[in-house]
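Biologist: I would like to understand the terms used for this structure, and the reasoning behind each one. Could you take me through them slowly?

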Amino acid sequence: MSGALHQPGAAYDGSFVPSVQGLRGIAALSVLMDHFYDMPKGGMYDIPDPGFLPPLWLWLQSVINVGGHGVELFFMISGFLIPASLVRHGSLPRFFFDRVLRIMPVFVVLHLALFAIGPIVGYKFFRGIDLTSYLGIFAANLFFVQDALGLPIAQQNAWTLTYEWAFYIWFALTFSMWRGGGKLLAAPLILLGLACLMHWPITAFFCIGMLFSATGFRISIPGRVGLLAGLACGAALYASLVLFHPFVGLLPGFLLFGMVLAPELGLGRALSAPALQYVGKISYSLYLVHPFVLFPLQVIGLKLVAAGVDRWLLWAAFIVLGLVMSLVASAISYELIEVRLRRLLDGAIRGTFFRPLKVGQSV
């Protein structure tokens, strides 16, 4: 069977797409893989074989080290999901209320834990920090403005949430202006978006998701050919982001995402595997929680290598223990924070801001 291009049709309606869930899992595992390479170095990047990272083949180093670009996969997914979410909510206040409930509970719990424990263990910038700096960094990171103020990032992976929130705000305002006042009213925000693309090129990956969300365009390549084509596009995407400008990665990223959105064929079917579905479900917790799990393992590894323990043994233990402990901790975070705490907060707070919907009324 040969592949087919599904022409633009109905916009994405917000229904669950298993292959997108699976891609979430791949994105989170990709970033985790990068930290399996990066954290054993212990911050020592200017000497060969630093920390407890063993001497690896250069090609293997290159493969592992591209994992951090899983964030571009997350951006494509957000660009695809957010427009339908906004339409479904029907109002900006309801949309942003649910975005806050989705993003903030896990982030805030980890934020408070980090600022409580960080000074005790001497984590990074907490060593010798004064109260004024402590409070300034605490507030700046809580509201995702640390980069704008030139302050340290607290949670290792939370820098991407600054881009996520900026995208939510920009898209919601642009969409509302377009619907309420037409192209002329939305034009300044569109120009602002284009300026952001030029200054922060990785934000262009939001546009890939937005395009597929608006058009219903899909790329259907069945069977093993589709899987191999998807893997090739994924490899080309990661290679482009490492070797060239992010804009070069837009083409393989576009082809990859188009194949992901054909969930019953080729790549989409592989991404719908049960194991990836579960990792995708807990991917947000996995993305934010795993640095907290890996940090004590990193500290132990650096002490043991200084005592003469073999680097290969330490690195293998770091990967195995880090993977298992990260998945367990993320599953717990998902159940306790993303599900139970979020439900509790929703029930306690929503009625304060919104009137109950009438029977038959939807958002």
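Modeller: Let us begin with how helices are compared: axes are lines fitted to C-alpha atoms, for helices over the stretch in contact, and angles run from 0 to 180 degrees between N-to-C directions. The helices themselves are DSSP runs (H or I, at least four residues), numbered from the N terminus. This is a predicted model, in which local features need pLDDT of at least 70 and side-chain atom pairs count only at pLDDT 80 or more, while totals for chains, interfaces and linings use all residues. Residues are numbered from 1 along each chain as its sequence is written, and side-chain values use heavy atoms, with hydrogens and water left out.

Biologist: What describes the packing of helix H10 and helix H11?

Modeller: Two packed helices are described by the angle between their axes and the distance between the axes. For H10 (residues 223–243) and H11 (residues 250–260), the angle is about 145° and the axes are 8 Å apart. Their crossing is left-handed, a word used if the near helix is turned anticlockwise from the far one by less than a right angle, whereas clockwise would be right-handed. Contact means heavy atoms within 4.5 Å, and the residues that make it include Gly-226, Ala-229 and Gly-230 of H10 together with Pro-252, Gly-253 and Leu-255 of H11.

Biologist: What makes Asp-98 and Arg-350 a salt bridge?

Modeller: The term needs a side-chain nitrogen of Lys or Arg within 4 Å of a carboxyl oxygen of Asp or Glu. The closest N and O atoms of Asp-98 and Arg-350 are 2.5 Å apart, so the pair meets the rule. Asp-98 lies in helix H4 and Arg-350 in helix H15, 252 residues apart, and the pair therefore links distant parts of the chain.

Biologist: How many salt bridges does the rule give, and which residues form a network?

Modeller: The count comes to three salt bridges. Arg-350 also forms one with Asp-346, again with the closest N and O atoms 2.5 Å apart, and these two residues of H15 are four residues apart, about one turn of the helix. Asp-98, Asp-346 and Arg-350 are thus linked in a network of salt bridges. In addition, the side chains of Glu-338 and Arg-102 meet in a salt bridge at 2.9 Å, N to O. Glu-338 lies in helix H15 and Arg-102 in helix H4, so this pair ties together parts that are 236 residues apart in sequence.

Biologist: Why are Asp-98 and Arg-350 given the labels they have for accessibility?

Modeller: Buried means under 20% relative accessible area, exposed means over 50%, and partly exposed lies in between (1.4 Å probe, protein chains only). Asp-98 has 18%, so it is buried, whereas Arg-350 has 22% and is therefore partly exposed. Asp-346, with 24%, is partly exposed, while both Glu-338 and Arg-102 are buried.

Biologist: What is unusual to look for in the phi of Lys-124 and of Phe-144?

Modeller: Lys-124 has a positive phi of about 45° although it is not a glycine, and Phe-144 has a positive phi of about 60°, although it is not a glycine either. Lys-124 sits in the loop between helix H4 (92–121) and helix H5 (131–142), and Phe-144 in the loop between H5 and helix H6 (146–149). Lys-124 counts as partly exposed because its relative accessibility is 46%, but Phe-144, at 11%, counts as buried.

Biologist: What does Phe-138 touch, leaving out residues up to four places away in sequence?

Modeller: Phe-138, which lies in helix H5, touches His-111, Leu-112 and Phe-115. The C-alpha atoms of Phe-138 and Leu-112, 26 residues apart along the chain, are separated by 8.9 Å.

Biologist: How do you know whether Gln-298 is buried or exposed?

Modeller: Gln-298 has 12% relative accessibility, and therefore counts as buried. This residue of helix H14 (residues 283–306) touches Met-39, Gly-42, Phe-52 and Phe-318, not counting residues up to four places away in sequence.
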